[in-house]
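Open the model in your viewer and keep the sequence panel beside it. This tour tells you what to select at each stop.

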Amino acid sequence: MNTIPFGPRNPPEDPLLAKAAELPKDVAPPHDLWPGIAARLGEVEKPAARPFRWPLALAAGVLVASVSALLTWSLVRAPEGPVPSTQVAKTTPEPVPTDIVPVKYGPNSGLSAKDFGARDELLRQFRGRFASLKPETRAAIAKNLAIMQTAADEIDAALAKDPASGMLKGMLVGTYKQELQLYSTVVTAGDGLTRRI
Amino acid sequence: MSIRNVCLAAATLAALAAPSLAGAETSPNGQPIMKHVNVAPDATVEVSNVQGRVEVATWDKNEVELVAELESPKDELEFEANERYVRISVERPNGKYRHDDDDEDDATLTLRVPKGIRLIADTVSADIAVSGLRGEQKLESVSGEVQTQAFDAPVRATSVSGEVSVVGNGGKATVSTENVSGSTTVGGIRGDYHGEVVSGEIRATVAAAQKIELNSVSGDIEIKAELTPTSRVNMESVSGTLTLKIKPPVNAEFDVESFSGDIDSCLGPKAHSTSKYTPGSELNYTQGNGGARVEMQTLSGEISICDR
């Protein structure tokens with residue numbers, strides 16, 4: 001059995017090092033490896049790959065900016081306050097919603113079927129009351145559910161980039177709770193003793 | 001089962017066990033219906049209305065007085081009472097609410113109650129206004145405004161699209177507000193404050209609270225706070241702007257983070273990037289002697305902190 005002694009070695013006395021010293025100093029690879037390395041770096045974020053930091057950061061920034069812009073656009077296009085009279089004359093009244101679209105939570109939400117089961121039961125009761133509300137209240141509810149949907153989508157997109165973020169998970173759960181609270185408030189309103197406490 | 005549920009169950013059992021004044025009546029000639037009942041100073045009063053107004057004021061008598069003005073001849077007033085529990089409810093035929101904008105079918109309930117009662121009021125589109133009540137309050141409306149005062153007992157005020165306003169009177173009441181698209185104004189409270197909003201805004205002034213928790217989806221939140229060494233502030237929004245103005249001197253630890261929004265603080269260092277690959281930023285520092293703890297988080301909303 002060959003043994004390799006520990007400690008500093010003197011190349012001329014070490015047969016292994018002596019053999020290594022006989023190898024050619026410059027060995028060209030059979031082909032250019034760099035394109036393959038670059039392609040793999042492109043597949044997975046490599047924090048240490050300094051030359052590729054700025055494109056990744058730019059892409060992330062563009063993505064977040066796009067989502068923010070979409071959110072802003074969706075909010076801006078539905079004016080909340082009084083609009084100038086010139087616009088009033090041109091726009092037709094928005095149809096009063098007769099039903100609502102519940103918030104859909106993306107694949108990164110972590111919400112379970114049990115969570116949605118509880119919501120669906122509340123939603124069923126909510127729908128029984130929704131049609132009897134004033135038109136402007138129905139419109140406000142539908143609009144705010146759309147806002148929650150935008151928020152849920154935005155959080156889900158962020159969670160896809162940072163799945164371990166407690167902050168994002170907390171925000172998503174908070175949005176879900178706000179949705180349930182909205183349904184609950186309507187369901188229990190004017191209900192006398194049947195209300196929740 | 002929560003303490004509140006136990007209390008309500010006890011009150012309900014008491015209502016069933018004791019002789020009570022109960023009945024339903026209409027107001028065919030539009031004349032006000034008046035009711036009087038003697039109650040314990042800490043009785044529970046529940047009021048339910050659909051459209052119109054619920055107005056509650058206090059007096060020094062251990063009596064509940066109700067004046068009900070029912071503009072629709074179809075509305076029915078239900079009044080059920082004993083010493084510990086009073087229930088007042090306006091019922092609409094078939095449970096249907098009116099959709100039109102006229103106010104001809106308003107039902108206005110005006111109450112005078114002992115200062116220490118526990119009040120539970122909920123409405124669909126009727127406004128709720130309470131003044132001078134020292135007991136616990138739970139006020140909830142879908143589209144009506146909710147206005148009240150806070151003293152030492154807990155106050156919970158909720159509206160989906162109506163405005164919510166709570167004015168403190170120097171007591172240490174725990175105040176909780178929930179709103180969807182309406183705005184919330186809370187002023188002059190010295191107890192804990194928990195506020196939630198979706199797209200509406202919250203404007204609050206809080207002094208010496210132990211715990212302040214504020215959340216929004218897209219609505220802006222602005223709070224002026226005087227912090228104690230044990231204060232805990234937590235503000236969170238998805239895309240709304242969070243503004244915290246702290247009365248100097250500021251002695252607090254700050255833990256502030258935004259996924260893509262800007263962080264601007266006139267205290268301590270500037271925010272720094274959380275990652276080289278995302279636009280996120282964070283800010284962690286201790287101002288003064290520390291003590292109080294402030295946590296603020298947004299996804300895309302801006303964050304602003306200052307002492308003026």
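Two strands count as paired when DSSP finds at least two bridges between them. Keep that cut-off in mind for the strand stops. Note also that this is a predicted model. Its scores are ipTM 0.77 and pTM 0.73.

**Stop 1: three strands of chain B**

Select strand β20 of chain B, residues 221-226. Now add strand β22 of chain B, residues 242-246. β20(B) and β22(B) run parallel and are joined by 5 bridges. That clears the cut-off of at least two bridges, so the two strands count as a pair. Which residue of β22(B) is the bridge partner of Glu222(B)? Pick Thr243(B) to see it.

Next, add strand β18 of chain B, residues 202-207. β18(B) also pairs with β20(B) in the parallel sense, here over 6 bridges. Look for Thr205(B), which stands opposite Lys224(B) of β20(B).

Stay on β20(B) and show its side chains. Which residues make up its covered face, and which the uncovered one? Ile221(B), Ile223(B) and Ala225(B) form the covered face. Glu222(B), Lys224(B) and Glu226(B) form the uncovered face. So the uncovered face holds Glu222(B), the bridge partner of Thr243(B), and Lys224(B), which sits opposite Thr205(B).

**Stop 2: two loops with unusual backbone**

Most residues other than glycine have a negative phi, and most peptide bonds are trans. Two places in chain B are worth a look on that account.

Select Ala208(B), in the loop between β18 and β19 (211-216) of chain B. Its phi is near 60°, a positive value in a residue that is not glycine. Is Ala208(B) buried, exposed or partly exposed? Ala208(B) has 14 other C-beta atoms within 10 Å, so it is partly exposed.

Then go to Pro249(B), in the loop between β22 and β23 (252-258) of chain B. Zoom in on the peptide bond that links Pro248(B) to Pro249(B). That bond is cis, with omega near 0°.

**Stop 3: a hairpin in chain B**

Select residues 76-81 and 85-91 of chain B, strands β6 and β7. Are these strands parallel or antiparallel? β6(B) and β7(B) pair in the antiparallel sense, over 6 bridges. Together they form a hairpin with 3 residues between the strands. Find Glu76(B) and then its bridge partner in β7(B), Glu91(B).

**Stop 4: chain B as a whole**

Zoom out to the full chain. Chain B has 1 helix and 28 strands. Of its 308 residues, 51% are buried. Take the contacts in chain B between residues at least 6 apart in sequence: 46% of them join residues at least 24 apart.

Now colour by confidence. The mean pLDDT of chain B is 88, and 87% of the residues score at least 70. Where in chain B is confidence lowest, and where highest? The lowest mean is 49, in helix α1 of chain B, residues 3-17. The highest is 98, in strand β10 of chain B, residues 127-130. Over residues 13-19 of chain B the pLDDT is below 50, and this stretch has 10 contacts in the model beyond near neighbours in sequence. Where pLDDT is low, the predicted coordinates should not be read in detail.

**Stop 5: helices of chain A**

Switch to chain A. It has 7 helices and 0 strands. Of its 197 residues, 21% are buried. Among contacts in chain A between residues at least 6 apart in sequence, 71% join residues at least 24 apart.

Select helix α6 (residues 135-161) and helix α7 (residues 166-188) of chain A. Their axes come within 10 Å and cross at roughly 160°. That angle makes α6(A) roughly antiparallel to α7(A). The crossing is left-handed. Residues making this contact include Met148(A), Ala152(A) and Ile155(A) of α6(A), and Leu168(A), Leu172(A) and Thr175(A) of α7(A).

Keep α7(A) and add helix α5 of chain A, residues 113-130. α5(A) and α7(A) pack at an angle of about 45°, with axes 9 Å apart. The two helices are therefore oblique to each other. This crossing is left-handed. Among the contact residues are Leu122(A), Phe126(A) and Phe130(A) of α5(A), and Tyr183(A), Val186(A) and Val187(A) of α7(A).

Methods:
Residues numbered from 1 in each chain as written. Chains lettered and ligands numbered in written order. Predicted model: local features only at pLDDT ≥ 70, side-chain atom pairs only at ≥ 80, totals over all residues. Helix = DSSP H or I, 4+ residues; strand = E, 2+ residues; numbered from the N terminus. pLDDT = per-residue confidence, 0-100. Contact = placed C-beta atoms within 7 Å. Buried ≥ 20, exposed ≤ 12 C-beta atoms within 10 Å, placed from the backbone. Axes fitted to C-alpha atoms, helices over the stretch in contact; angles between N-to-C directions. Parallel < 35°, antiparallel > 145°, perpendicular 65-115°, else oblique. Left-handed = near helix turned anticlockwise from the far one by under 90°.
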